[in-house]
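User: Could you take me through how the descriptive terms for this structure are justified?

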Amino acid sequence: MSVAGLPVTRRGFLQASLTASGGLLLAPAVGFGAEGGPPNPLGLYLRIEPDNRIHIGARSPEIGQGVRTSLPMILADELDVDWSQVTVEQLPLGIDFSGPTPQWRYGPQGAGGSTSIPGAWNDLRQVGAQARWLMRAAAAQRWGVPLDEVTTARGHALHGGRRLPYGELVALAATLALPSGPVPVKKPEEYRIIGRPQPVTDAREIVTGRARYGIDVSEPGAHVAVLLRCPYFDGGIARYDDRAARAVPGVRAVVVVPGPKPDEPIAANLATGIAVVADDTWSALKGRRALEVEWTRGPFAGESSAALDAQCARLLAGRGQVVRDDGDFDAAREAATKVFSARYRVPFVNHAPLEPQNAFVHVQDGRARVVAPVQQPAGAQRAVHLVTGIPRDAISVEMTRVGGGFGRRLTSDYVAEAALVSKATGWPIKLLWTREDDMQHDFFRPFGHHELTATLDADGRVSGWTQRLASASKHYRRPNQRPEDLWRPELYPDDFPSGLVPNYRLEWLAVNSGIPRGSWRAPAHTANAFVIQSFLDELAHESGQDPLALRLAMLGEDRVLDYSGHGGPTFSTGRLRGVLERVADAIGWGRRMPAGRGLGIACHFTFGGYAAHAMDIEVGRDGALRFHRVVCAIDCGRPVNPLGIRAQMEGGTIDGLSTALNLEITIDGGRVRETNFDGYPLAMLAQMPSDVEVIIVDSAEDPAGCGEMGIPTAAPALTNAIFAARGVRIRDLPLRSQLADALRKSS
Amino acid sequence: MGVRFHVNGSAREFDGDGEMPLLWYLRDHAGLTGTKYGCGRGLCGACTVLLDGQPLRSCVLPVSAAAGRSITTIEGLADGERLHPVQQAWLDEDVAQCGYCQAGQVLATVALLERNPEPGDADIESITNLCRCGTYVRIRRAIARAAKGMRK
């Protein structure tokens, strides 16, 4: 079921009314009427109180990407209020089911694909502008002057020397009709909040321990549930004995939670398990430890990381599905003066948000209440509907602050589990995943083997390019999945350098694997930027060209190309060149480096944003890495909150480096081997650069998001710098001890 | 006979399972949810509290081992509405992204600055609390800012 976007141009987009406290409420008209009012007092975009406090509803989940700050900033600026007047309140999921198709009440509510800012840019500005228009209209009536003579500033209406706070106009404003169509929005030079750094809205709650995450939700009568899930991909329960578990003090119930059958699409929970339900977390964990279970190992019992590597090698020896084929690569190879080829490997990785999966669900009397850390609240509602049969309009979903998303919480399997346990017991359920649960049961970022080949003509120009990828598709057991489309999330056919090399071919080979896969921050861009930007570097060194100059030559003159994937519809070579040149300038590209020091560079276009990294690193003879400087540049269109963009680029860089240096999920005997942070060592502060310099391109283009752009180029900039420093080429992630091993061998 | 200790200055007694990790006592029984669960094995530091001023990973300490001790959680760090200088430094440097690890980071820093008011890089790098969002750059700055502020 799809949900239509917010109809911005539709008549009656907003509805104004007075609240019980005498405030003015502006909320979308869509979805109103059936019950005579908004679904709950927070169900608003905007509420202006008589004391001139401005309450702005945050519609998207806050997963650390800063949207509880940046989205309200957009609205507040158009409303022309002081940011200090604003209080941000989290909106619940708002879908109106009364019409022929479900409608978003507050606009799209999700966190994924760096879409929150671009998706909100037009409609939140319009909400703010309409509210400001209403304030001006009320003031004009109060003062008996023409509307166009009334201006606003800092939450006040102004005329001549007179000024009135918005709060004093709300009663009158509530009686006025809203404009019938869109009203003009501010010119960029009038912005007072957009483009100026604003700190995180909830920072004080976070540092005092008052911020509420999903794991903190409880209510009287709630029981804690933990599940023992089958560790084998598509395995199940052969037999179990729960007598000892039930005997643990505090344990109240043991419930079998069936998972999807092998080959069945996964739309709710991920794996078969046994839930232990107890009075508190410790009793539930002790009860779970006391369960005796014998698992069936399922159809993938023979799967291992080594077997998957061998499968990739076999596949790459054959032919795959050609998904883009410009010119004639084979002819280019025939005519080439030089042909260069390399293979790369990118591992499975876990999302590992620091807040493990959890959900509060109460199924009762044909209704369900969900309070959970989710990236897709509508998906959580759908999952509960699927496992309980409760109609979607009887399932409420409240969003807590989320302790990290990274794509993991785009799926709501854990919400479905909590719903199943609540349905079986009748109790409100606080479901908790332990770190071990989270490490072993994920929708992991796909691994793959990439084979790249380039041909150079007599002038050293790249005349042909192929990328052949053997991977297990991210589209893992989705409903209605067509096999011929499985390549789509793996290779983005318009990524650089496609369209810039005359003979260009992309080929995909399907790896058969039982490990669940899904979206991991900047999905396939992490793998493809690594291999493309590494390979370009190799090509430059192989052909005696400068790595920066080769990239600039391939980008050529500034022009706009079609980009059919997410982040399109266009790709600007000039904007990519812009970020590349900025980091090159900042790092001092081309300067002579002392022995063991090297510069690396990389650029990539991710979901509408252009990013580049340049790094100056030192590699000791023992392989020890030292970051001298790490510079990144981001062009995500008009910067909404520069402080937040900087944070995303700093964090994205560190996520990219931590993952490239340390992280891999391995498989043995049809199950994941890693269990906790000892085997999956997220980087600590000491391992990371002490500073990440961020250059934000000042752009007048409509804003893109920035939650994912910082990651893809971090790994190749690092490995390119390693090559420059010591001549060791890293083609297999993670780095771990490869550098030390290679240097030991070569010495 | 229960276990007696102080939490944020208040006397408490717990007569449940003494093997329960302090973390789950704080979260489930004392209602102090600012202390976070991250790994359950003392690896990530999200559950850091101060035990008689020393940083401690509460997910691996049985509550019985806290007998007679004084525990400070993130909720007990500020003096009413007046933030501890480390908390204030966290705001001034706009450190938090998702924020989940930050209570532990703040308490680890408080303990560091107690024993070493002028920490060098190596001292700062002795903090092993994990941040999945990668706020380390700003954590470094916030530690330096807090150290400076507390020396005044």
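The exchange below sets some of the terms against their definitions.

Analyst: This is a predicted model, in which local features need pLDDT of at least 70 and side-chain atom pairs count only at pLDDT 80 or more, while totals for chains, interfaces and linings use all residues. Residues are numbered from 1 along each chain as its sequence is written, and chains are lettered from A and ligands numbered from 1 in the order in which they are written.

User: Why are α13(A) and α14(A) called roughly antiparallel?

Analyst: The axes of α13 (547-555) and α14 (573-587) of chain A, being lines fitted to C-alpha atoms over the stretch in contact, with angles from 0 to 180 degrees between N-to-C directions, come within 10 Å and cross at roughly 165°. Angles over 145 degrees count as roughly antiparallel, and the two helices are therefore described in that way.

User: Which residues of α13(A) meet α14(A)?

Analyst: A:Leu548, A:Arg551, A:Leu552 and A:Leu555 meet residues of α14(A), including A:Leu576 and A:Leu580, where contact requires C-beta atoms, placed from the backbone, to lie within 7 Å.

User: What makes β16 and β17 of chain A edge strands?

Analyst: The open sheet has the order β16-β24-β23-β22-β17 in chain A, with mixed pairing, and strands pair if DSSP finds at least two bridges between them. β16(A) and β17(A) each have a single partner strand, so one side of each is left without a neighbour in the sheet.

User: How do you know that β16(A) pairs with β24(A)?

Analyst: Five bridges join these antiparallel strands, and one of the bridge partnerships is that of A:Arg324 with A:Leu506.

Note on methods. Helix = DSSP H or I, 4+ residues; strand = E, 2+ residues; numbered from the N terminus. Parallel < 35°, antiparallel > 145°, perpendicular 65-115°, else oblique. Contact = placed C-beta atoms within 7 Å.
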